[in-house]
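Hi,

Here is the structure I promised to pass on. Have a look at it first, and then read my notes below.

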There are 4 protein chains.
Amino acid sequence: MNAVDSTTFEMDKKLGTKYHERFTKFLKMVQEEDLTVDGAMTDPKGDRGLAPHQQADPDLFVHVVEKNDKGIVVRGAKAHQTGAVNSHWILAMPTIAMSKEDADYAVSFVCPADADGVYYIYGRQSCDTRKMEGGTIDVGNAKFGGHEALMVFDNLFVPWENVLMCGEYEFSGMLVERFAGYHRQSYGGCKVGVGDVLIGAAALAADYNGAAKASHIKDKLIEMTHLNETLYSCGIACSAQGSKTASGTYLIDLLLANVCKQNVTRFPYEIARLAEDIAGGLMVTMPSEKDLKHPEIGKVLEKYLKGTANVSVEDRCRVMRLVENITLGTAAVGYRTESMHGAGSPQAQRIMIARQSNLEHKKKLAKKIAGIKE
Amino acid sequence: MNAVDSTTFEMDKKLGTKYHERFTKFLKMVQEEDLTVDGAMTDPKGDRGLAPHQQADPDLFVHVVEKNDKGIVVRGAKAHQTGAVNSHWILAMPTIAMSKEDADYAVSFVCPADADGVYYIYGRQSCDTRKMEGGTIDVGNAKFGGHEALMVFDNLFVPWENVLMCGEYEFSGMLVERFAGYHRQSYGGCKVGVGDVLIGAAALAADYNGAAKASHIKDKLIEMTHLNETLYSCGIACSAQGSKTASGTYLIDLLLANVCKQNVTRFPYEIARLAEDIAGGLMVTMPSEKDLKHPEIGKVLEKYLKGTANVSVEDRCRVMRLVENITLGTAAVGYRTESMHGAGSPQAQRIMIARQSNLEHKKKLAKKIAGIKE
Amino acid sequence: MNAVDSTTFEMDKKLGTKYHERFTKFLKMVQEEDLTVDGAMTDPKGDRGLAPHQQADPDLFVHVVEKNDKGIVVRGAKAHQTGAVNSHWILAMPTIAMSKEDADYAVSFVCPADADGVYYIYGRQSCDTRKMEGGTIDVGNAKFGGHEALMVFDNLFVPWENVLMCGEYEFSGMLVERFAGYHRQSYGGCKVGVGDVLIGAAALAADYNGAAKASHIKDKLIEMTHLNETLYSCGIACSAQGSKTASGTYLIDLLLANVCKQNVTRFPYEIARLAEDIAGGLMVTMPSEKDLKHPEIGKVLEKYLKGTANVSVEDRCRVMRLVENITLGTAAVGYRTESMHGAGSPQAQRIMIARQSNLEHKKKLAKKIAGIKE
Amino acid sequence: MNAVDSTTFEMDKKLGTKYHERFTKFLKMVQEEDLTVDGAMTDPKGDRGLAPHQQADPDLFVHVVEKNDKGIVVRGAKAHQTGAVNSHWILAMPTIAMSKEDADYAVSFVCPADADGVYYIYGRQSCDTRKMEGGTIDVGNAKFGGHEALMVFDNLFVPWENVLMCGEYEFSGMLVERFAGYHRQSYGGCKVGVGDVLIGAAALAADYNGAAKASHIKDKLIEMTHLNETLYSCGIACSAQGSKTASGTYLIDLLLANVCKQNVTRFPYEIARLAEDIAGGLMVTMPSEKDLKHPEIGKVLEKYLKGTANVSVEDRCRVMRLVENITLGTAAVGYRTESMHGAGSPQAQRIMIARQSNLEHKKKLAKKIAGIKE
């Protein structure tokens with residue numbers, strides 16, 4: 001929430017508002033009561049070619065529909081909200097830099113996740129219904145999982161003490177850029193952890209298939225590790241190069257944070273490809289858990305799905321299903337598609353990299369070395 | 001079936017067997033009666049580090065357990081059999097080159113798909129149960145689909161007139177190499193067709209999102225097309241460079257057929273990644289078809305999932321689900337994992353490329369130009 | 001010259017000109033007398049953002065400056081003319097599609113390479129002066145080489161019988177597109193031949209270094225071969241898919257020819273990178289040929305540059321210099337930069353791929369499968 | 001020199017030698033007198049398949065040939081010594097981990113660069129002789145440059161106070177691993193600086209060609225920056241994750257330092273490829289500086305090599321030659337081949353990544369999530 005902290009601080013300083021004060025109070029509360037907060041930024045956006053105020057339906061971006069002395073009423077929705085349903089509070093923020101015409105859309109606030117006027121429509125994931133089949137193998141990961149939801153603000157009333165931005169469109173760009181920066185940094189840790197599990201699962205699959213000694217298998221595991229650690233390095237670097245803002249919170253290096261996320265839109269796909277290579281075709285052709293447990297069919301599968309002598313068929317199937325889960329199943333939503341679009345789609349990072357790259361300075365270096373007079 | 005034709009021809013010629021005669025009769029029959037045949041090659045293989053006769057369980061590779069004047073009895077299984085359940089006949093072949101010790105495993109035969117002693121255990125695919133939910137949207141592709149099965153030969157009796165190889169281990173390598181060659185060629189067509197659909201789906205998604213005019217979107221569609229047409233080129237090239245065998249059937253260029261398949265183990269993954277990039281996160285966060293059709297919730301989704309004004313939310317969802325189907329769902333099994341392992345895993349092609357590359361000739365060229373005396 | 005043949009044929013047919021007749025006569029002459037012809041297309045272009053008639057200097061594109069009953073006078077230049085200095089005749093063609101305003105620039109003609117009014121300014125290449133040092137090792141390739149030149153038309157008079165286009169701007173696009181297509185096809189053969197030599201040189205270097213048995217070396221040679229044969233496949237495919245034009249000459253498949261060249265702008269760079277990996281650092285740190293032959297220093301180098309016992313230091317140096325020649329030296333101009341820009345730069349192919357990809361048809365396929373009504 | 005510091009510290013501690021004391025004294029001296037030191041590690045190695053003591057010629061690795069009460073006599077050579085000729089002192093170290101049989105090869109020492117018994121054979125680079133042509137354009141970089149040399153120890157006498165290892169083979173592996181680690185870290189800075197210059201040169205070339213506004217050009221500059229900053233991130237990360245050793249010096253994170261260098265063996269090649277793409281073919285076809293300055297020919301080139309109106313042809317040529325210098329010329333030796341082999345060839349990093357990746361821990365994570373009992 002550092003992005004909000006530094007932005008509300010600058011709003012208070014420049015405009016004499018009380019946003020930072022309110023936010024600090026909110027922050028203190030959630031920390032003391034150990035509450036989870038869903039940072040809600042992404043609006044449905046409708047036609048990508050149009051600004052908020054140009055959309056056919058004004059609600060395609062969250063906006064203020066009423067203001068009174070008690071507070072504001074907002075309408076709209078936030079899409080792709082990962083973990084929204086298991087959060088205590090919502091922290092809503094604008095999703096793009098805005099102009100004067102979009103002032104009503106420059107709104108940020110906090111509200112309880114179960115406030116009147118907020119509801120959720122649960123998204124479905126690849127293989128989601130396997131969780132309802134009652135087993136522990138075919139789900140791939142029986143212990144953990146996630147979800148996304150469409151969060152709807154249906155004329156939600158927000159009292160002034162919970163409003164963190166209301167019309168100050170000139171700050172929406174700063175908030176988005178900083179929030180996205182922190183979010184892009186975080187992927188250098190979160191996706192790397194999943195990567196470690198996938199590398200481990202692929203290595204196990206190789207053991208169970210009796211292929212672990214093959215030099216091409218070893219080399220693929222090295223490549224997966226190399227790519228995963230490169231992502232980790234980018235996460236560390238944009239943090240290590242961070243600097244203190246006027247508000248006292250630290251801001252990550254924006255260029256390197258965008259470089260980090262840009263790599264996250266690529267390497268997990270290659271790591272997943274290599275995992276599928278190592279796992280083998282059985283991952284997508286094996287029969288269901290119910291067949292494995294079947295009194296007759298189970299015996300046949302015990303016989304024919306046997307890998308190396310010292311490994312049970314069930315364990316072999318478990319690791320296959322884990323690889324399937326991360327590359328094709330419910331976890332693939334987080335490991336692949338969210339690596340692509342979470343915290344902003346690839347092109348969003350490229351625009352930031354262009355802005356932050358200081359090309360003019362690089363041209364100066366080249367001119368000097370080439371002996372070109374300015 | 002050209003691989004079997006040319007191999008049985010050479011067996012007859014060298015050993016005076018009647019295999020080719022039998023095969024030609026079989027071929028005539030299936031053509032006249034317009035029957036489909038499942039080419040069954042891949043054995044479960046057990047411990048990849050061990051030869052057939054070294055496996056803990058002798059049945060981990062299909063083998064002859066009995067011979068008499070009427071025919072042979074075989075036991076074992078064939079794994080990953082795509083389309084097996086909708087074929088009329090089975091054409092079983094050995095799965096690797098074999099040595100004298102593996103003579104009992106050098107067996108090839110045909111049998112009706114529903115013969116006594118043959119049964120199938122159906123494999124499950126990512127999102128397979130969506131087909132049982134009764135809708136036409138969430139399945140992504142309501143019209144077509146595929147499956148894989150484990151095919152079990154449980155002491156199957158095969159009369160001599162249906163036996164095409166029985167102990168001639170010295171020919172199993174030739175059969176595998178040729179069959180794999182034709183199979184690897186075919187991927188230069190089959191996967192390219194799926195690629196065309198995915199490119200079209202991504203282009204539609206861009207239209208519906210209102211992003212089609214963005215230069216990075218156009219460029220990604222060009223890249224997808226470029227990669228897909230490169231695969232097609234490899235399929236065409238190994239066919240155009242084919243040559244006539246002694247049996248009269250044409251053999252594809254083995255080097256280029258392996259180069260073709262090797263590219264198929266890479267490019268569909270990148271094409272899929274670009275499709276996910278263009279489609280956007282909605283592909284994996286949208287609610288279920290049942291919510292879309294729900295009297296109340298449906299209206300909310302109609303409102304907030306709206307893309308460009310002239311496109312219905314349902315159509316937008318349909319194209320999202322199609323991209324999901326090919327990149328994560330039931331079709332991803334065929335487009336991604338089968339592209340990786342079907343017709344042999346990547347390393348199998350690299351071994352063939354090494355064998356066929358005639359490195360010594362290339363060294364001679366280099367020596368000549370560098371002025372190095374032999 | 002098929003591109004000119006099919007274009008002049010259509011010009012005659014549509015406009016009743018005599019261009020095709022003239023060209024056929026010219027073609028017969030060069031074939032009978034076995035003469036080489038330089039196909040001169042690329043103009044200097046000046047500011048890439050401006051059309052021919054908009055350039056500050058009208059001569060930045062070749063154009064007609066005078067017409068009379070005997071013939072035409074042309075002025076301008078053709079850049080990057082590979083092999084121009086060792087050709088007998090020049091066949092000049094326009095370099096881009098043109099509009100009415102550029103009619104004077106829509107000019108094509110043939111002339112003897114040593115005609116009055118034509119001269120050449122020789123381009124320099126990386127390491128070019130090594131050819132003047134008198135040795136056979138440091139040059140890398142002592143037998144063969146190439147060059148580029150700037151070809152200047154300094155008020156060149158061309159008699160009407162040698163004029164093949166003069167103002168018919170509406171055909172310049174067709175000529176460029178077809179000529180580029182054939183040229184892009186040819187790279188699927190020419191660069192693959194160089195690739196074979198480089199693969200052989202890298203394999204030799206590995207032998208001489210005593211590293212040939214390392215699995216990563218073997219795998220890199222396989223990858224180099226795989227990439228090189230993929231290029232070859234594209235060259236074969238666009239030829240095999242060619243079709244007969246009205247003029248009787250065969251036109252390659254334009255989409256696949258552009259796909260071929262696009263891959264040529266990528267794979268030779270990776271093949272070169274892998275060759276540098278296998279060769280080792282000695283390639284760029286070894287002393288000069290003169291040191292090798294020096295009575296005292298030579299002995300020291302004999303001692304310390306020794307690789308495997310059975311290989312002479314001179315031979316080891318020869319193969320290092322050949323790899324250097326193709327990756328950094330005179331041949332790198334042809335193998336790397338010309339692979340990038342010859343027959344059109346990468347973006348030129350991407351534009352053609354977009355034009356030829358029939359995206360609307362692919363969208364139709366996707367709609368049909370997704371169940372979207374037109 | 002931290003690697004030597006921490007290693008000599010551990011040698012003193014474990015063996016009670018005086019190596020660390022000596023090294024500290026040496027370090028103090030070079031710092032006070034501001035002297036440059038060449039860290040000399042790489043031996044010629046002869047047959048890569050053989051250990052030092054197995055080589056046909058014992059001198060293919062530096063070794064002790066005599067010991068007396070005054071000091072030691074060493075013989076052998078160090079290859080690929082970048083900047084050796086402009087250093088004041090040499091710090092020689094063993095080049096690989098060694099076994100008891102190689103004890104005489106486990107030798108480290110310092111000596112003045114001009115000591116009796118040391119001499120250098122200068123290596124040649126691509127385009128090196130352009131520096132002798134007297135111009136400032138064709139050299140690409142008229143101000144700076146580098147060199148490599150073969151450093152020969154011809155029965156060099158080293159007094160005991162300058163000996164830092166002499167027979168302690170069990171420490172050679174530690175020294176090599178640590179020295180290589182620091183060296184691999186440094187590439188995350190050094191090559192990134194060159195990358196900045198190349199990105200700037202490519203951007204200038206685009207300006208001068210009038211192509212800077214094309215979206216594909218902008219995108220290629222973004223990609224170059226992204227790749228370059230990824231390398232920088234890896235350099236920062238392995239430093240930020242460093243830890244203090246017993247000697248008091250800090251040791252970089254060995255895994256991330258190897259990941260850093262591994263990326264350096266790839267990305268500069270792609271950055272160079274993109275620079276060649278943006279620069280255009282003129283880079284390798286332009287005439288020499290002497291032609292540019294020629295009274296007659298110069299005028300013709302002024303006319304036809306003109307890019308955008310406001311840029312002089314000379315400046316355009318200067319930037320082309322700078323790009324050529326870094327991608328094909330003298331600087332390419334440092335930017336490409338040294339990125340590949342300096343501080344260890346790619347496979348050396350992969351071996352270290354495998355060693356440091358803690359695969360067993362990753363397998364444990366996978367087992368836990370898949371529900372597999374240990």
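In chain B, strand 6 (residues 118–122) runs antiparallel to strand 7, and five bridges join the two. This is a predicted model, by the way, so please read everything here in that light. Within that pairing, B:Tyr122 sits opposite B:Ala149 of strand 7 of chain B.

Strand 7 of chain B (residues 148–159) also pairs with strand 3 (residues 71–82) of chain B, again antiparallel, this time through nine bridges. Here B:Ala149 turns up again, as the bridge partner of B:Gln81. If you want a residue to start from on screen, try B:Ala149: B:Tyr122 stands opposite it, and B:Gln81 is its bridge partner as well.

Now over to chain C, where four strands make an open sheet in the order 1-4-5-8, with mixed pairing. Strand 1 (37–40) and strand 8 (163–166) of chain C are the edge strands, each pairing on one side only. On average, neighbouring strands of this sheet are turned by 15 degrees against each other, ignoring direction. Strand 4 (residues 89–92) and strand 5 (residues 107–112) of chain C pair in the antiparallel sense, over four bridges. One pair to look for there is C:Trp89 with its bridge partner C:Pro112 in strand 5 of chain C.

Next, the places where chains meet. How many residues of chain B are in contact with chain C? The count is 54, and they touch 54 residues of chain C. Chains B and C bury about 4700 Å² between them, with 67% of it on carbon and sulfur atoms. Ten salt bridges are found across the interface of chain B and chain C.

A helix pair is worth a look here too. Helix 12 (residues 346–356) of chain B and helix 4 (residues 215–240) of chain C have axes that come within 9 Å and cross at roughly 80 degrees. The two helices are therefore roughly perpendicular to each other. From helix 12 of chain B, the contact is made by B:Arg350, B:Ile353 and B:Ala354, and from helix 4 of chain C by C:Asp219, C:Ile222, C:Glu223, C:Thr225 and C:His226. Sorted by class, that contact has three nonpolar, two polar and three charged residues. The side chains of B:Arg350 and C:Asp219 also meet in a salt bridge, at 3.0 Å from N to O.

You can find a salt bridge with matching residue numbers in another pair of chains: A:Arg350 with D:Asp219, at 3.0 Å from N to O. A:Arg350 lies in helix 12 (residues 346–356) of chain A and D:Asp219 in helix 4 (residues 215–240) of chain D, so this pair joins two chains.

Then there is the contact of chain D with chain C, which takes 67 residues from chain D and 68 residues from chain C. Together they bury about 5600 Å², 57% of it on carbon and sulfur atoms. Which three residues supply more than any others of the area that chain D buries against chain C? They are D:Arg124, D:Arg273 and D:Tyr304, with 15% of that area. The count of salt bridges between chain D and chain C is ten. D:Asp57 forms a salt bridge with C:Lys303, and their closest N and O atoms are 2.8 Å apart.

Over all chains, a search of the whole structure finds 104 salt bridges.

Cheers

Methods. Residues are numbered from 1 along each chain as its sequence is written. Chains are lettered from A and ligands numbered from 1 in the order in which they are written. This is a predicted model: local features need pLDDT of at least 70, side-chain atom pairs count only at pLDDT 80 or more; totals for chains, interfaces and linings use all residues. Side-chain values use heavy atoms; hydrogens and water are left out. Two strands pair if DSSP finds at least two bridges between them. Axes are lines fitted to C-alpha atoms, for helices over the stretch in contact, and angles run from 0 to 180 degrees between N-to-C directions. Angles under 35 degrees count as roughly parallel, over 145 as roughly antiparallel, 65 to 115 as roughly perpendicular and the rest as oblique. Contact means heavy atoms within 4.5 Å. Ala, Val, Leu, Ile, Met, Phe, Trp, Tyr, Cys and Pro count as nonpolar, Asp, Glu, Lys and Arg as charged, and the others, Gly among them, as polar. Buried area is the accessible area (1.4 Å probe) that two parts lose on being put together, summed over both. A salt bridge is a side-chain nitrogen of Lys or Arg within 4 Å of a carboxyl oxygen of Asp or Glu.
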